[in-house]
Amino acid sequence: MKININIDPDVSETEVLITASALSEELERVMSSLRALDFKLTGTSRGQTHILDSSKILYIDTVDKKCFLYTDCEVYESSLKLYELEQHLSANDFFRASKSSIINFNKIKSLKSDMDGRIIVLMENSEKLVVSKQYASFIKNKLGR
């Protein structure tokens, strides 16, 4: 892959132009990464609203009908429902891992098969999460299995 950057002080907005002979998996990953950099969510913590880059979110979990966004070192409450977050983030390599959680595929450190078809994922912050059998197919497809 060839990368060219043209710096022009007169440009008011950054534009990314991709030229390719066909759409490939590699190209889809590049586009997904670029979208993730630009997609923002809001979350509250200690009475303050924070603007979060979706690429910084490790996973999302629901407890007592409230959604929480987990980053490396903070937890934020979201006003959105889990299904709304899933819709917004599905193009950015986030996937449903269970009825109550969504995981950022790009923040997974390692995977381990568990009994009954579940998958144990180790996140970048060393936290272990379970992908239920019902949702394990996303990871298998992503890894080409």
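Which residue stands opposite Gln-48 in E2? In this predicted model, the residue that stands opposite Gln-48 in E2 is Ser-45, and this pair offers a convenient place from which to begin a walk through the structure. Strand E1, residues 40-45, and strand E2, residues 48-53, pair in the antiparallel sense, and six bridges join them. The two strands form a hairpin with two residues between them, and in this hairpin Arg-46 takes a positive phi near 50°.

From the hairpin one can step back to the chain that holds it. The protein chain contains three helices and 10 strands, and, read from the N terminus on, its elements follow the order α-β-β-β-β-β-α-β-β-β-β-β-α. Along its principal axes, the C-alpha trace of the protein chain spans about 50 × 45 × 25 Å.

The next topic is burial and contact. Of the 145 residues of the protein chain, 31% count as buried, a class that takes in residues with under 20% relative accessible area. The accessible surface of the protein chain comes to about 10,300 Å², and carbon and sulfur atoms account for 49% of that surface. When contacts between residues at least 6 apart in sequence are considered, 37% of them join residues that are at least 24 apart.

The surface can then be followed into its pockets. The largest pocket has a volume of about 860 Å³, and 23 residues line it, with Ile-3, Asn-4, Val-16, Leu-17 and Ile-18 lying nearest its centre. Sorted by class, the lining of the largest pocket is made up of 13 nonpolar, five polar and five charged residues.

The second largest pocket has a volume of about 230 Å³, and of the 11 residues that line it, those closest to its centre are Glu-25, Glu-28, Arg-29, Asp-93 and Lys-142. By class, the lining of the second largest pocket divides into two nonpolar, three polar and six charged residues. Two helices each supply at least two residues of this lining, namely helix H1, which covers 25-38, and helix H3, which covers 136-142. Of the elements that contribute, H1 gives the most to the lining of the second largest pocket, with five residues.

Definitions and conventions
Residues numbered from 1 in each chain as written. Predicted model: local features only at pLDDT ≥ 70, side-chain atom pairs only at ≥ 80, totals over all residues. Heavy atoms only, no water. 1 Å grid on protein atoms, 1.4 Å probe; cavity = no way out; pocket = protein on both sides within 12 Å on 5 of 7 lines; lining within 4 Å. Points joined across faces, edges and corners; volume = space filled by probe spheres on them. Nonpolar A, V, L, I, M, F, W, Y, C, P; charged D, E, K, R; others polar. Helix = DSSP H or I, 4+ residues; strand = E, 2+ residues; numbered from the N terminus. Pairing = 2+ DSSP bridges. Buried < 20%, exposed > 50% of the residue type's maximum accessible area, 1.4 Å probe, protein only. Contact = heavy atoms within 4.5 Å. Areas by Shrake-Rupley, 256 points an atom, 1.4 Å probe, with all protein chains shown as cover.
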